[in-house]
Amino acid sequence: MLKRINNMNELQKALMPAMTRMVDVMAGRVYQTLNYFLNDYYKGWTPDSYRRTEAFLRSAVKIDAEPYRNGVRASVYIDYDSMDDYVNASGFEVAQWADSGLHGGLEVNHKPHVWQDTMDETVNNGSLLDMAVQYLRSRGIAVRVKSVQSGESDG
């Protein structure tokens, strides 16, 4: 269906449903990846000196995409405030340890960096950008991506 756009407000209104869905799909990928690394963190090492509560395992949160200011936003994060049953550590400390390759503050052989690994596998490697481009193209929106290395655009 052809849509006539007369001004920027109409353009924003026309694009908002596609943008909202695209951002939600991208946030879903980050959430899925974060949960992968949380599970890897738990499966990779079994503590001898403390009992796990698994609160950190269940701490990932995804807030659905919504219009925000002149765009769309979604959130994916570790809810360290929900991790209130640790002894001698806050949820924030547990999350920091997990992103530093520590388990319960201890040096171990299995050293995932839960949040940084999530960012590396979604944002830093360009996969979210690729997802966004493919999503927009699938909706009939022409998109060109300029390659940082070559300065060339794809089709």
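Contact here means heavy atoms within 4.5 Å. The legends below walk through three close-ups of a predicted model.

**Close-up 1. Gly71 and its contacts in the predicted model.** Gly71 sits in strand β2, which covers residues 71-78. Leaving aside residues up to four places away in sequence, Gly71 touches Gln12, Met16 and Glu66. One of these partners, Met16, is 55 residues away in sequence, yet the two C-alpha atoms are 7.8 Å apart in space. Is Gly71 buried or exposed? Gly71 counts as partly exposed because its relative accessibility is 24%, and buried would require under 20%.

**Close-up 2. A nonpolar surface patch that includes Leu11.** Ile5, Met8, Leu11 and Leu15 make up this patch, and together they offer about 330 Å² of accessible area. Take a moment to find Leu11, which belongs to helix α1 (residues 8-43). With a relative accessible area of 32%, Leu11 is partly exposed. As a reminder, an α-helix has 3.6 residues a turn, so residues three or four places apart point the same way.

**Close-up 3. Helix α4 and what covers it.** Helix α4 runs over residues 127-138, twelve residues in total. How far apart are its end C-alpha atoms? They are 16 Å apart, which agrees with the 16 Å that α4 should span at 1.5 Å a residue. The buried residues of α4 are Ser127, Leu128, Met131, Ala132, Val133, Tyr135 and Leu136. Their cover includes α1 and α3 (114-124). Past the helix, look for Gly140, which follows α4 and has a positive phi, near 80 degrees.

Note on methods. Residues are numbered from 1 along each chain as its sequence is written. This is a predicted model: local features need pLDDT of at least 70, side-chain atom pairs count only at pLDDT 80 or more; totals for chains, interfaces and linings use all residues. Side-chain values use heavy atoms; hydrogens and water are left out. Patches are made of residues with over 30% relative accessible area and no salt bridge: like charges are joined within 9 Å, nonpolar side chains (Val, Leu, Ile, Met, Phe, Trp, Tyr) within 5 Å. Accessible areas come from the Shrake-Rupley method with a 1.4 Å probe; for residues, only the protein chains shown count as cover. A salt bridge is a side-chain nitrogen of Lys or Arg within 4 Å of a carboxyl oxygen of Asp or Glu. Helices (H or I, at least four residues) and strands (E, at least two) are DSSP runs, numbered from the N terminus. Buried means under 20% relative accessible area, exposed over 50%, partly exposed in between (1.4 Å probe, protein chains only). The expected span of a helix is 1.5 Å times one less than its number of residues.
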